[in-house]
Structures are given as C-alpha cells and as structure tokens.
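Biologist: Could you take me through one spot in this protein up close, then work outwards from there? I'd like to know what surrounds it.

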Amino acid sequence: MKKYISFALAALLLTACSSDFLNKAPEDTINTSNFFQTEDDAISAVNGAYQPLQWPKLYNMRMWTTDIMAGNSIVGAGGGSDGIETQDEANFVTTTDNQGVLDLWRGPWPGILRCNIILQKVPGMTISETVKNKVLGQAYFLRAQYYFILVRFFGDVPLVLQPVNPGDDLRPFRTPKADVYKQIISDLTNAINLLPKREDYTGSDIGRASKGSAVGMLAKVYLTLGNWQQVSDLCDQVKTLGYDLNTNYADNFNPATENSKESLFEIQYTSNAGYGFWSNENQSSWLSTFTGPRGSNMVAGGWGWNQPTQEFMDAYETGDLRKDATVLYEGCPKFDGMDYQKSYSTTGYNLRKFLVTKSVSASYDNSPLNFPVLRYADILLMKAESLNELGKTSDAQLPASNASATLNKVRARAGLGDVTGLSQADLRAKILHERRMELAFEGQRWFDLIRINNGQYGIDYLHSIGKSNMSSKFLLLPVPQKERDANPNLTQNPGY
C-alpha cells in the first residue's frame, strides 16, 4: 500500500505537464475503456484514488502549513518571498490569486473524479464480493475525505457525484455546505458498512482505509458540526475496534512504527518511489526536507519551514513529554547525535516531529515517513469534548465515563497529572489546549479554531497573539479567481 498507484492505472492517467508542480492543472479526465475487467483493475483504480492525498496540494505541503495560519508557527524558510503565499495566509491578507489557496481548491478534485469512476464502474463488475466491497468502501471513504477538506476550507463547493466526461458541462454551481456535509455523512456511512477491520489487511494492503478509519472520520465530521451525541457514540465504536494509544508518543512519527495500533488513517509515503521530488507522482514525504533546521546538516535537505513560535513553546506544561518529541530547542535531547542551536531558526525553534535521520533518508527526496491524519489520541480528545458538552464533565459514580477521565488518558501518556474539579467552561478550554499540544503540526489546529463558537474562538485567539487582521471573512478561504474565470457559475465567499 506504500505505493498508491499501479502501472495499470498510471497508463490511464492524462497528466498535464509543467516544470513547476504549483502550476499543474488538475487531471479532469480518465480513459476507462477496456479497463475495469478484473479484480486487479479495481484494486489499481482505488490505489490511484488515494494518490492525490499524497500530493503537495494536500498532505505533502498545504495541509500541514495550516498550522502556520493557525499561529503555532511561522513560515521561517529562507526569508523574503520564500513561502509568500503561506505568509499572506498567516497574516490574513489572503487574496483570490493566492497560490496556496488555489492548490487547496484544486487538490481534491482528481481524487473525487477517480472515486466517482470507481463508484460507477465497480458495482457492475463480475468479481468477488469481498474485493468489490473493499474497493467501494475505500472509494466512499476517500470521496468523503476529499469533500471534507474542501467544505471546511471553502464552505459551499460543487458537489459532483458522477464522472466528468468529455463534452459534459464543466461549470457546476456551488452546493450549500449543509448538503455537502449530508453527502459526506452518507459516504462515510456506506464506507463503514463495506470496509473490513484494519486487521483484515495484511502485507502490502496495510494502511488502506478500514472500518475504523471511516468510523473515526465520521466522528470528526460530527465534531465539526457540533453533534455531540453522535461524536460520543462513534468514538465508543472506535474503541471496540481495538485501537489504543502507543506507549511512546514519538512512535506516531517514526518510519519503523507506522500504521500502529494508534493509527486510524495516515498518508502512506515511501522511499525509492522512482519519481522526481517536485512531481505530483513523487511518493516520498516532503516533511523532513522542508522542516529540518536550515544550515544544520541534521537531515537531508533542511529548508527551515514551520518554525514554532515562542507563544506555542510557552504553552507546554512543565514535564510534558511531547515537547521533546515535537520541537527542537537549545538544550533539547540530541537529534541523531547532534546538538540543536537556536541560531538555526528565526524563532529559535524548529520541528522535530517529522524529521528522519540520514540513515533512513540519505537524500532530500527520499523520506518514507507517513503523515498522520487521524490517531486514537484524537478520538479520545473528541470523546472528552463531546462528554463535556453533554454535561458529563465529571461524575463520581462513573469515573471512567466522564470528560475529565477521558482527557486524563491522553495526559497520562504525556507525563502530566490528572485534571480534576474543573467547571464545564474551564474543561472546554483545557481540552482545546490539549488538542493543540497533542496534535501540534498535524494540520488539525486551524480546523479547531474555526469550528468553535462559529469561529469566534479562533478570531479571539489570533487577535491575542497579534494577528489583528483576522476577521470572520478569513474563516473561509476565497474561491480562486482562476477557477471563477474558468467557471462563471462559481460565486465568491463574502468579503473577497
């Protein structure tokens, strides 16, 4: 499963050519004639439906840079105009020609197309029901994931559920986000019913979307919508599927311990994939190369992106074991036998969480480290939040079934003491703080900021750290002007 795309599907893809990945047009057609005949064809097709998640437009760059927008870090990098599109997003001066915004808009559509083709073609194939259900379940899960990305960033988006063919109208209108969420929920429900448990995947299939992936993602969707009882119930379902916390927090970010008992879904990357670093088809991770300390020689590459702020560092409680696994700071434990110097960074800090040693990746373009999308720690934090919102902040008669006790499971692994005796409002703040520290730099913080109190939580926080430009306008990204020029039926988000 480390290699998402097979030779068979690669031969079908009509890929636009460009020397710069940022300017590649999304693939909008696939020739399916003489395909979808065998089980291998169906499996190849669903392998290809995963691949856009790997691309720089999504998890290999744009998704993790949302932590910069969320105030956990600054771009850092080479200074000046390096990463200017992310700097503009983080300073809330984003305009309709922002390249990062264009990437996030375009990134999911090739995956949606591939899922739509699978969902159209595979039901009629004469193949085993076991393979058919696995393939369809993965396609439903992936389509939901792609739309979940789009709707959280842009609100109303076109809801396209059939393959786009030559000659079709390519100018869809935006669909109200409530209807998009209904479709996401429907797709994830279908995925839950069709997908096997993760234990049913072996060998090269390890890492595919499983029943636990779909149940956990549906809980995340309901968390976003504030449907607390559904969140609580779904988190309980995840628990019954056998997930648990890793003993060591750092194991979630170690190439040797990927797809662990804590992992519900992660983006699979591999070394020696055979593609150029800047290519969409590259299947190695950018994280170590981009976030390694600049000029330090600590990792292959090391371009100094995503530098934690002092405010973020100050948010760690004394004794939090996650700190040394997440960030590099002067006096921290050595990395691969090397001491960190604060001069490596503008803020004095760099990320450690996604770095791989040169013994694992000797060249800048070859890191195999997966990216975590959903972990069991997140499930526990969602469960704690839902229980608190349902009024089960603390219950002496049910000590294992209240928000505080659930939160304390995450804190215990971090080496922190139990939280007790807090009011509902204080525990709400504590849970959100815990989400920030536990899931730091995993592309989760921005979505937490904008979902609480209709985004006012995020506005207030960002103002508190000096982001005075932040306003309700920026809770959604603008629809890119290039897309509106190509499709005049696309309306713009308010304020842009």
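**A close look at glutamate 262**

Modeller: Glutamate 262 has 0% relative accessibility, so it counts as buried (under 20% relative accessible area; over 50% is exposed and anything in between partly exposed, with a 1.4 Å probe and protein chains only). Before going further: this is a predicted model, where local features need pLDDT of at least 70 and side-chain atom pairs count only at 80 or more, while totals for chains, interfaces and linings use all residues. Numbering runs from 1 along each chain as its sequence is written, and side-chain values use heavy atoms, with hydrogens and water left out.

Glutamate 262 sits in the loop between helix H10 (228-240) and strand S2 (263-267). Helices (H or I, at least four residues) and strands (E, at least two) are DSSP runs, numbered from the N terminus. Leaving aside neighbours within four places in sequence, the contacts of glutamate 262 include Asp244, Asn252, Arg413 and Glu438, a contact being heavy atoms within 4.5 Å. Leu374 and Arg375 are also among them.

That brings us to strand S6 (residues 371-375), where 5 of 5 residues are buried. S2 and S6 pair in the antiparallel sense over 4 bridges; pairing takes at least two DSSP bridges. Across that pair, glutamate 266 stands opposite proline 372 in S6.

S6 also takes us to a cavity, meaning a set of points on a 1 Å grid over the protein atoms alone where a 1.4 Å probe fits but cannot get out; lining residues have an atom within 4 Å of a point. The largest cavity has 13 lining residues, with Tyr59, Gln145, Arg152, Val373 and Gln444 nearest its centre. H7, H9 and S6 each give two or more residues to that lining, and the largest share, 3 residues, comes from H7.

Helix H7 (residues 129-154) turns up again in the largest nonpolar core, giving the most to it with 15 residues. Such a core is a set of buried Ala, Val, Leu, Ile, Met, Phe, Trp, Tyr and Cys residues joined through side-chain atoms within 4.5 Å. Of its 139 residues, Tyr59, Ile118, Phe141, Ile184 and Trp446 touch the most other members. Isoleucine 184 is in contact with residues including Phe148 and Val221.

Val221 is one of the buried residues of H9. In that helix 12 of the 15 residues are buried, so H9 is largely enclosed by the rest of the structure. Just after H9, glycine 226 takes a positive phi of about 75 degrees.

Conventions. 1 Å grid on protein atoms, 1.4 Å probe; cavity = no way out; pocket = protein on both sides within 12 Å on 5 of 7 lines; lining within 4 Å.
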